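Hi everyone, thanks for making time this morning. Have a look at the sequence and the model on the screen, and then I'll walk you through what I found.

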Amino acid sequence: YQYQWESSLTGSGWSLISGGTLSQYAPPALSQTVYYRRVVSSLPCASVVSDSVRMLVLPGLGNNQIGTAQTICQNTAPSALTGTAPTGGNGVYQYQWESSTASSGPWTPLSGVTSASYAVPVLSQSAWYRRVVSSFSCTSTSVGVQILVNVNLSQNTIGSGQTICQGTIPSSLTGT
């Protein structure tokens, strides 16, 4: 048998694929939708053309942003991380939020947190958050956003009360 692979951007007007003469063909990375078919011949018989197959190329995912860094006080809830509407893929999106204690990871998926936005719970320590968006086989991971938690103020004492005579200066009040 002799093989010849052909390609087309529209499903008609076929072009020979240079070097496409094996029984199988491994397409290169694609940036647009392409149709493929194979022509098989065996002399003296007439050539047979296969049905075509379409390699549908979806646009890459974009616009996966989740907000900006925040600084909060310990044991309070930050503002919700409101994600922008992604673009690309097949238009149907799945979300998974992840957290980490460092910007470089490791990242842990948050169980059951699968909506476009995330209402972060009350935090007692700083954390990083990011959103993974999937659409068909396309995936995009947002840049991580830090929620910086400042430790609550404590030990704000200023000394003790004093009893003094009128017109005298009290001892200085010293804070800890």
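Let me start with a question: which side chain meets Glu-6 in a salt bridge? In this predicted model, the partner is Arg-37, with 2.5 Å from N to O. Glu-6 sits in strand E1, residues 2-8, while Arg-37 belongs to strand E3, residues 34-42, so the bridge ties together parts that are 31 residues apart in sequence. Glu-6 is also buried, as its relative accessible area is 11%, and the cut-off for buried is under 20%.

That pair has company, since the search of the whole structure turns up 2 salt bridges. The other partners are Glu-98 and Arg-130, whose closest N and O atoms are 2.6 Å apart. Here strand E7, residues 94-100, holds Glu-98, and strand E9, residues 127-135, holds Arg-130, so this bridge ties together parts that are 32 residues apart in sequence. Glu-98 counts as buried too, at 12% relative accessibility.

Now let's zoom out to the fold. You'll have noticed the strands: the protein chain has 11 of them and 0 helices.

How about the overall dimensions? The C-alpha trace spans about 125 × 25 × 25 Å along its principal axes. For 176 residues, a compact globule would have a radius of gyration near 16 Å, but this chain has 32 Å. Buried residues make up 27% of the 176. The accessible surface comes to about 11600 Å², and carbon and sulfur atoms own 54% of that.

For those of you who like contact maps, take the contacts between residues at least 6 apart in sequence: 51% of them join residues at least 24 apart.

Next, the inside. The largest nonpolar core has 14 residues, and those with the most contacts within it are Leu-81, Trp-97, Tyr-118, Leu-123 and Tyr-129. Two elements give two or more residues to this core, namely E9 and strand E11, which runs over 145-150. E11 supplies the largest share, 3 residues.

Let me finish with one member of that core. Which residues does Leu-123 touch, if we skip those up to four places away in sequence? Among them are Ile-72, Cys-73, Pro-78 and Tyr-129, along with Ile-147 and Val-149. Leu-123 also touches some polar residues, including Gln-74, Asn-75 and Thr-76.

That's my tour, and I'm happy to go back to any view you'd like to see again.

Notes
Residues are numbered from 1 along each chain as its sequence is written. This is a predicted model: local features need pLDDT of at least 70, side-chain atom pairs count only at pLDDT 80 or more; totals for chains, interfaces and linings use all residues. Side-chain values use heavy atoms; hydrogens and water are left out. A salt bridge is a side-chain nitrogen of Lys or Arg within 4 Å of a carboxyl oxygen of Asp or Glu. Helices (H or I, at least four residues) and strands (E, at least two) are DSSP runs, numbered from the N terminus. Buried means under 20% relative accessible area, exposed over 50%, partly exposed in between (1.4 Å probe, protein chains only). The radius of gyration is taken over C-alpha atoms; the globule rule is 2.2 Å times the number of residues to the power 0.38. Contact means heavy atoms within 4.5 Å. Accessible areas come from the Shrake-Rupley method with a 1.4 Å probe; for residues, only the protein chains shown count as cover. A nonpolar core is a set of buried Ala, Val, Leu, Ile, Met, Phe, Trp, Tyr and Cys residues joined through side-chain atoms within 4.5 Å.
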